[in-house]
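Biologist: Got a minute to walk me through this one? I'd like to start with how the chains meet.

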Amino acid sequence: MFHLLQYDFVQNAFLEGALVAIMAAVIGYFVVLRAQAFAGEALADIGFAGAAGAAILGISSLLGMLGLTLLAALGMGALGERVRGRDIEIGMVLSFALGLGVLFLSIYIQSGTNANAGVSVLFGSILTVTRRDVIITLITGSATLLIIAFLFRPLLFASVDPEVAQARGVPVRLLSMVFLLLLAVATAEAVLVIGVLLVFALLIAPAAAAEQLTHRPLTAIILAVILGLAFTWGGLILAFVGTGRHLPASFYISAMAALTYFASVLIARFRTPRRYRPLPHPSRECVPVHAR
Amino acid sequence: MFDILQYGFIQNAFIAGTCVAIVAAIMGYFLIVRGLTFAGHALPNIGFAGAAGAVLLGIDPVIGLLAFTISAAVAIGILGKAIRERDIAVGIIMTFALGLGILFLSLYSGYAERVYSILFGQIVGISQENVLFTTLFSFLTLSVLLTLFRPLLFSSFDPEVAEARGVPVKLLGIVFLILVAITVSIAVQIVGALLFFTLLIGPAATTLRIVQRPLWAILLAIILGICYTWLGIFFAANGSWPVSFYIATISFGVYLPIRLLSPLWIGRNTRKRLPLRQDTFLPPGQVIEREENISSKATGHIPGSSL
């Protein structure tokens, strides 16, 4: 199978996959901590509209996705902070973005002949990634990771306990805005690898599985990166080696990610003694149960 | 302009669309109040994967839709109560289902047009039997919802008190999600997964900003849903763009000004009763002052501590 590595598109796929897996896992850890999974999903669907629009204009779909997701992140950040209300706002932005995506797609299909253009955006097209995409991903990815490293402690504080952080003078609102922008970049690039519908496999699943297994932030992030890399490369290798029929890499990646998450939930459940299991609490604190 | 109403397929689209809009508006209200917006987005997508599987096996897509959405609904209903963990679990269940969906699609060598139509919908291509089936089914769903209305409302707004009063909260939640799953399976074939989410969330999200009373909010949501659907079909029949785009745009265009202006009327009603959490943040120096104020006032009467 190693002779495959000579091909350009295979090299690009592995490079792009690795870059996106690392960035998505790091960002995903904070997404899990901040309970912004739905925002990630919405940004991915907005990326769908961006990619379809880019197809009409004839520009690179990565640029189209980056443009629209960044714009939407600004909008979502401006709309508010409260968890309960924000869910609805994200849903509304999401439904509008889907409508736009459908419009762009239908215009594109009417103008051209390729009816499957939407499918590659929905389910990912890692094998068509170009070297230019890899370079854009490398630049934005390292910029994103640098910003995260720079903001690490205040961002962690604001994610775990926003109220106390605000009381201690951390600019919580500004941080949340910056984080949404970083999430937009990560989502747009993850869509390129695995598609709009399966973005959770790289963004949420590694971090959520890691968070089930350890409570230390740095260990969890490193574990998430390792898991993300394993899913992506494992999926690519399986897709290339797969016997007979060539099943899509997206399927392998999402199946491995989901099964790992389910396994990690089971492991966490068996490992924690029942009386120390955290109870869900309105203010997201963990209340140990002593008397039961 | 209005002569399009003479055509049979436009009439079919209007009737089926209206039925779906009514049921979706009521369900959307409960979904939002229960904090399940994300599940409303995930279930149609999961149904898409089920339909792909059914097409691969050569059976009716409805069977695949029902199998996938109902099992996902039960899983979501059983999973944790905390919104934070539930969102992640919902998302990963959806990813898993869609991963299977792309597997089915890539194994299926035929023409998968029918499966993609489940994603994007084709409201203008409905047959007479479909209309009859949808109408009957909507009446059934509506009657079940009306039977469950009061306990469902109670358990949605205050699950703890409802549980203490003997309402089977968890069971109700699962039954409600199964009902949503069945509706998704029927409606998605008519309006498509993407449009169904708009009809589910759009009207209810808008009315929740306008009226407080549940019954009025639901009625207004139904009216809005029907208006969006009719306008969308009307524009689509006269123009060349897809129905989903028109309905999504109208829905967002109505929601956005109401969302932005709603602090004008919502603030006046709610701030009198209890201060919003964000308003309690003050610079460090003033916090102490305010705490003294509260404690000196609180010696007389603390609301809610009369136990």
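Modeller: Sure, and keep in mind that this is a predicted model. Where the two chains meet, 41 residues of chain A are in contact with 41 residues of chain B.

Biologist: OK, which elements give two or more residues to the side of chain A that touches chain B?

Modeller: Helix 2 (37-57), helix 4 (83-111), helix 9 (200-203), helix 10 and helix 12 of chain A. Helix 4 of chain A gives the most, with 15 residues.

Biologist: And how do the residues on that side of chain A divide into nonpolar, polar and charged?

Modeller: There are 28 nonpolar residues on the side of chain A that touches chain B, plus seven polar and six charged.

Biologist: You listed helix 10 and helix 12 of chain A. At what angle do their axes cross?

Modeller: Roughly 15 degrees, and the axes of helix 10 (residues 205-213) and helix 12 (residues 249-271) of chain A come within 8 Å. Angles under 35 degrees count as roughly parallel, so helix 10 and helix 12 of chain A are roughly parallel to each other. The crossing of these two helices of chain A is left-handed.

Biologist: Which residues make that contact?

Modeller: From helix 10 of chain A, it's Ala205(A), Pro206(A), Ala208(A), Ala209(A), Gln212(A) and Leu213(A). Helix 12 of chain A brings several, including Ala257(A), Tyr261(A), Val265(A) and Ala268(A). By class, the contact between helix 10 and helix 12 of chain A has eleven nonpolar, three polar and no charged residues.

Biologist: Switching topic: which residues touch the most other members in the largest nonpolar core?

Modeller: Leu183(A), Ile204(A), Ile92(B) and Phe196(B), out of 200 residues in that core. Helix 1 (residues 8-34) of chain A supplies the largest share of the core, 16 residues.

Biologist: Take Leu183(A). What does it touch, leaving out residues up to four places away in sequence?

Modeller: Leu183(A) then touches Ile27(A), Val31(A), Ala39(A), Gly40(A), Leu43(A) and Ala73(A).

Biologist: Now chain B. How many helices and strands does it have?

Modeller: Chain B comes to 13 helices and zero strands, so reading along its sequence you just get α repeated, with each helix being a DSSP run of at least four residues.

Biologist: And how much of chain B counts as buried?

Modeller: 46% of its 307 residues.

Biologist: What about contacts in chain B between residues at least 6 apart in sequence?

Modeller: Of those contacts in chain B, 74% join residues at least 24 apart.

How values were computed: Residues are numbered from 1 along each chain as its sequence is written. Chains are lettered from A and ligands numbered from 1 in the order in which they are written. This is a predicted model: local features need pLDDT of at least 70, side-chain atom pairs count only at pLDDT 80 or more; totals for chains, interfaces and linings use all residues. A nonpolar core is a set of buried Ala, Val, Leu, Ile, Met, Phe, Trp, Tyr and Cys residues joined through C-beta atoms within 7 Å. A residue is buried if 20 or more other C-beta atoms lie within 10 Å of its own, exposed if 12 or fewer, and partly exposed in between; C-beta atoms are placed from the backbone. Two residues are in contact if their C-beta atoms, placed from the backbone, lie within 7 Å. Axes are lines fitted to C-alpha atoms, for helices over the stretch in contact, and angles run from 0 to 180 degrees between N-to-C directions. Angles under 35 degrees count as roughly parallel, over 145 as roughly antiparallel, 65 to 115 as roughly perpendicular and the rest as oblique. A crossing is left-handed if the near helix is turned anticlockwise from the far one by less than a right angle, and right-handed if clockwise. Ala, Val, Leu, Ile, Met, Phe, Trp, Tyr, Cys and Pro count as nonpolar, Asp, Glu, Lys and Arg as charged, and the others, Gly among them, as polar.
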